[in-house]
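Visitor: Got a minute to walk me through this one? I'd like to get my bearings before I go back to the bench.

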Amino acid sequence: MIFVLTGAGLSAESGLGTFRDEGGLWTQYDLSEVATPEGFAADPEKVLAFYNARRANADSATPNAAHTALARLSQQTQTALVTQNVDSLLEAAGARDVIHMHGQLDWALCAGCGARWDAPAVMQVSDPCPACAAKATRPDVVWFGEMPYHMDRIENALSAADLFVAIGTSGTVYPAAGFVEMARAYGIETLELNLEPSGGRFDDGLYGPATDIVPDWVDRVLTA
Ligand code: APR
């Protein structure tokens, strides 16, 4: 079974940008103001506006060749497709059962009762929760200081994998950044597909734009 961890570099060529590259989101915004529970409590309108803009970008983006290749891989081999990304471009490319450990822009969450529903294009602080009517609507996105989703399922899949592949991630945010070391501890082969080496301890690496290196790698895996 192949365990694939993806990051913002997978969707960069779909126009969604990344966080830490030049011009990335965290070079334009103070993440403590828009991606933490404290930031949301201090100024919910600013946070919802930030995610409304990201949702609009994601909704107008289309899957690139790397998304399509990973969808093909997941359809033809036993693959755990884990993403840090909150866009749904892998699903749009036909991937099934994508594990979104940082949540998704497509979902709204009630900070009061925990109910989830399809996110409106423009989320407003005054939106009442459809379940409890509280005005505590937030994006269903995991913020810094919050526990990522599906960690038990992720750790079970990692322990059962034969190959760990990290695609388009800088390996700077835990717990995702620790998965390569967990894989090494399990004796699993590790491979990085990225624009440039992230500095993580991988057995092997393929470097270049995801739309070049991911389809080539998937073709090799599927014809091996
Ligand atoms: N093809 C392949 N890799 C690319 C491309 C590309 N076209 N463009 C950029 N990259 C690589 C960069 O070299 C970098 O290693 O993608 C990585 C992007 O790193 P980050 O911007 O740090 O994004 P990511 O690793 O996904 O961030 C992890 O941090 O802010 C949080 O929750 C957020 O999920 C995010 C997490």
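**A walk through the model**

Guide: Sure. Let's start in a loop: Gly-200 is found between β8 and β9. Keep in mind as we go that this is a predicted model.

Visitor: Okay, Gly-200. How exposed is Gly-200 there?

Guide: Gly-200 has a relative accessible area of 35%, so it counts as partly exposed. In space, its C-alpha sits 6.8 Å from that of Gly-171, and the two are 29 residues apart in sequence.

Visitor: And the strands on either side of that loop, how do β8 and β9 pair?

Guide: In the parallel sense, over four bridges. If you want a spot to look at, Leu-193 is opposite Leu-206 in β9.

Visitor: What sheet are we in, and in which order do the strands run?

Guide: An open sheet of six strands, ordered β3-β2-β1-β7-β8-β9, with parallel pairing. The edges are β3 (99–100) and β9 (204–207); each has a single partner strand, so one side of each has no neighbour in the sheet.

Visitor: Let's go further in. Is β1 buried or exposed?

Guide: Buried. That goes for five of the five residues of β1, so the strand is largely enclosed by the rest of the structure.

Visitor: Which residues point to which side?

Guide: Ile-2, Val-4 and Thr-6 are on one side, Phe-3 and Leu-5 on the other, and all of them are buried, so both faces of β1 are covered. That fits the general pattern: side chains in a regular strand alternate between the two faces of the sheet.

Visitor: How many bridges join β1 to β2?

Guide: Five, and the two strands run parallel. Phe-3 is opposite Ala-80 in β2. β1 also pairs with β7, again in the parallel sense and over five bridges. There, Ile-2 has Leu-163 of β7 as its bridge partner.

Visitor: Any antiparallel pairing to show me?

Guide: Yes, β4 (residues 103–110) with β6, over four bridges. Gly-103 is opposite Val-141 in β6. Five of the five residues of β6 (residues 137–141) are buried, so that strand is largely enclosed by the rest of the structure as well.

Visitor: Switching topic: what is the volume of the second largest pocket?

Guide: About 230 Å³. Its lining has 13 residues, and Thr-79, Ala-80, Leu-81, Asp-97 and Arg-153 are the ones nearest the centre. Elements giving two or more residues to that lining are α5 (65–76), β2 (79–83) and α7 (151–159).

Visitor: Which of them gives the largest share of the lining?

Guide: β2, with three residues. By class, the lining of this pocket comes out as five nonpolar, five polar and three charged.

Visitor: You mentioned Asp-97. Where is Asp-97 in the chain?

Guide: In the loop between α6 (89–92) and β3. At 54% relative accessibility, Asp-97 counts as exposed. Its backbone stands out too: phi is positive, about 55°, although Asp-97 is not a glycine.

Visitor: Why flag a positive phi?

Guide: Because most residues other than glycine have a negative phi, and most peptide bonds are trans. Ala-133 also has a positive phi, about 70°, and lies in the loop between β5 (116–118) and β6.

Visitor: And where is there a cis peptide bond?

Guide: From Tyr-174 to Pro-175, with omega near 5°. Pro-175 lies in the loop between β7 (163–167) and α8 (179–185).

Visitor: Back to the loop between β1 and α1. What does the side chain of Ser-14 sit 2.8 Å from?

Guide: The backbone oxygen of Thr-62, with the distance taken from a polar atom of the Ser-14 side chain. Ser-14 is in that loop between β1 (2–6) and α1 (25–28), and counts as buried at 14% relative accessibility. Beyond its close sequence neighbours (within four places), Ser-14 is in contact with residues including Ala-61, Pro-63, His-67 and Leu-89.

Visitor: And Ala-8, what is Ala-8 in contact with?

Guide: Setting aside neighbours within four places in sequence, Ala-8 is in contact with Gly-17, Thr-18, Phe-19, Asn-85 and Gly-168. Ala-8 lies in the loop between β1 and α1 and is buried, with a relative accessible area of 14%.

Definitions and conventions: Residues are numbered from 1 along each chain as its sequence is written. This is a predicted model: local features need pLDDT of at least 70, side-chain atom pairs count only at pLDDT 80 or more; totals for chains, interfaces and linings use all residues. Side-chain values use heavy atoms; hydrogens and water are left out. Buried means under 20% relative accessible area, exposed over 50%, partly exposed in between (1.4 Å probe, protein chains only). Two strands pair if DSSP finds at least two bridges between them. On a 1 Å grid over the protein atoms alone, a cavity is a set of points where a 1.4 Å probe fits but cannot get out, and a pocket is an open set with protein on both sides within 12 Å along at least five of seven lines; lining residues have an atom within 4 Å of a point. Grid points are joined across faces, edges and corners, and a volume is the space filled by probe spheres set on the points. Ala, Val, Leu, Ile, Met, Phe, Trp, Tyr, Cys and Pro count as nonpolar, Asp, Glu, Lys and Arg as charged, and the others, Gly among them, as polar. A polar contact is a pair of N or O atoms within 3.5 Å; within protein, one must be able to donate a hydrogen and the other to accept it, and residues adjacent in sequence count only if both atoms are side-chain atoms. Contact means heavy atoms within 4.5 Å.
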